[in-house]
Amino acid sequence: MKKFFSNKKLIVLMVALIFSIGFITMSVTVRNKSKTPSFIQRFGNNIVGAASRVISMPMNAVKSSVDAVVNLTNTYEENTKLKAQLDKLAQTEATNQTLRSENKQLKQQLKLDNTLTDYDYVNAAVMLRSPDNWQNILIINHGSDEGIQKNMSVMAGSGLVGRVVEVNRNNAKVELISTDNKSANRFAAQINTDKGVVNGIITGYDKKSGDLILGQINTSDGVKNGDKVITSGLGGSTPKGLLIGTVENTHKDDYGLSTVIAVKPAANLSDLSVVTIVKRSMAGD
C-alpha cells in the first residue's frame, strides 16, 4: 500500500480520471435540472468556445490564403485574355488602316484610268520595295506575259512615279522618278506658262523637302508657284502630258550658278501599293 501511494504518476492519473468522471456527471445533472445554476455549464461552454476559436483561426487564415491565391490566378488569366484581345484589336486596326489606304489608292487609279484615253495601260500591284533602296526601285507583279515592256512609264494616283527598267515574265522592276542613280534615264518635262513653254529635265530629288528638282531649264520666265509640270514627250518613250507635279518654288542650285525649279510630286512617292503602267500609242516621242 505504501508502495502504491509512492507512485506519483499513477496518483495523478487517478485524480484526473476521477475529476473527468465527476465533471461529466455534473454536466449531465445540470442539463437535466433547469433550476440548477448554469455557471458550470457556462464555464464549459466558454472553454469549448475558446478552444473552437483557437482551432478555427489557423483554418480561417489558410482559407483566406487559398482564396487570395485563387483570386490572383483568376486575375492573371483575365489579364492575359485582355492583353490578347488588345493585341488582336491593334492588329485589326492596322489591317483596316492598310485596307483603307489601298482602297483610296485604287479609287485614285480608277480616276487616273479614266483620263488615259489616248494610251494603253495595265494596272499592277507593288510586290516588293526594299527599305535600303526605297527611293530608287520597286517590283511590280506584272511582266512580259501582261504586255509590260522596258521603258514604259509608271503612274500612281494622279502622277508619274517612274519607268520600267527590267522585265521578267511575271514581274518587272520600276526605277522611281526620285532615284539618285546618276545614270538613270531622266524624264523630260515642261511647264506651260503665259509667256510660253518652259522645258527641262527632272534631274534629282530632295529627300528633306520631298520635292523633285527640274533642272536644265531653258528659262524660268513666267513660272509661278502652283503651275503644273507635265512630261514633254521628248527624248524617250514617255508619252506627252503625264502629270509630274506642281511648281513649289524657283531658286538657284547648290552652286548658285543655274536656276532650278522645285516640283511637288503629284503622286505620294512614299506610299505606293498600286500602280498603272502606261504604253504610248504611237511610236517615237
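1. Long-range contacts. Among the contacts in the chain with a separation of 6 or more, 55% are between residues 24 or more positions apart. This holds for a predicted model. The chain has 285 residues, and 30% of them count as buried. Its accessible surface comes to about 18,800 Å². Carbon and sulfur atoms hold 58% of that surface.

2. Overall make-up. Three helices and twelve strands are assigned. Two barrels need attention, and they are taken in turn below.

3. Barrel with β1. Six strands close in the order β1-β2-β5-β4-β3-β12. The pairing is antiparallel. From one strand to the next, the twist averages 45 degrees. β12 spans residues 274–279 and pairs with β3.

4. The β3–β4 hairpin. β3 covers residues 153–156 and β4 covers residues 159–167. Four bridges join the two strands, which run antiparallel. V154 faces G162 across the pair. Two residues lie between the strands of this hairpin. G157 takes a positive phi there, near 65 degrees.

5. The β4–β5 hairpin. β5 spans residues 172–176. Five bridges connect β4 and β5, again antiparallel. E166 has K173 of β5 as its bridge partner. Four residues make the connection between β4 and β5.

6. The other edge of β3. β3 also pairs with β12, in the antiparallel sense and over three bridges. S153 is matched with V278 of β12. β12 also holds T276. Is T276 buried or exposed? T276 is buried, because its relative accessible area is 0%. The side chain of T276 makes a polar contact with the side chain of N123, at 2.6 Å.

7. Barrel with β6. A barrel is also closed by the six strands β6-β7-β8-β11-β10-β9, in that order. Here too the pairing is antiparallel. The twist averages 45 degrees from one strand to the next. One of the pairs is β10 (residues 243–252) with β11 (residues 259–265), joined by seven bridges. In that pair, H251 stands opposite V260 of β11.

8. Positive phi outside glycine. Two residues deserve a look. N151 is not a glycine, yet its phi is about 75 degrees. N151 sits in the loop between β2 (137–140) and β3. Its relative accessible area is 29%, so N151 is partly exposed. Q216 is also a residue other than glycine, with phi near 55 degrees. Q216 lies in the loop between β8 (211–215) and β9 (228–231). Q216 is exposed, with a relative accessible area of 65%.

9. Salt bridge R169–D145. The structure holds four salt bridges. One of them pairs R169 with D145, the closest N and O atoms being 3.4 Å apart. This pair links distant parts of the chain, 24 residues apart. R169 is in the loop between β4 and β5, and D145 is in the loop between β2 and β3. R169 is exposed at 58% relative accessible area, whereas D145 is partly exposed at 43%.

10. Salt bridge K224–D194. K224 and D194 form a salt bridge, with the closest N and O atoms 3.9 Å apart. Why does the pair tie together parts that are 30 residues apart in sequence? K224 lies in the loop between β8 and β9, and D194 lies in the loop between β6 (188–193) and β7 (196–206), so the salt bridge ties those parts together. K224 counts as partly exposed at 42% relative accessibility. D194 counts as exposed at 75%.

11. The network. K224 also meets D227 in a salt bridge, at 3.9 Å from N to O. D194, K224 and D227 are therefore linked in a network of salt bridges. Which of the three classes fits D227, buried, partly exposed or exposed? D227 is buried, because its relative accessible area of 13% is under the 20% cut-off.

Methods:
Residues are numbered from 1 along each chain as its sequence is written. This is a predicted model: local features need pLDDT of at least 70, side-chain atom pairs count only at pLDDT 80 or more; totals for chains, interfaces and linings use all residues. Side-chain values use heavy atoms; hydrogens and water are left out. Two strands pair if DSSP finds at least two bridges between them. Axes are lines fitted to C-alpha atoms, for helices over the stretch in contact, and angles run from 0 to 180 degrees between N-to-C directions. Buried means under 20% relative accessible area, exposed over 50%, partly exposed in between (1.4 Å probe, protein chains only). A polar contact is a pair of N or O atoms within 3.5 Å; within protein, one must be able to donate a hydrogen and the other to accept it, and residues adjacent in sequence count only if both atoms are side-chain atoms. Contact means heavy atoms within 4.5 Å. Accessible areas come from the Shrake-Rupley method with a 1.4 Å probe; for residues, only the protein chains shown count as cover. A salt bridge is a side-chain nitrogen of Lys or Arg within 4 Å of a carboxyl oxygen of Asp or Glu.
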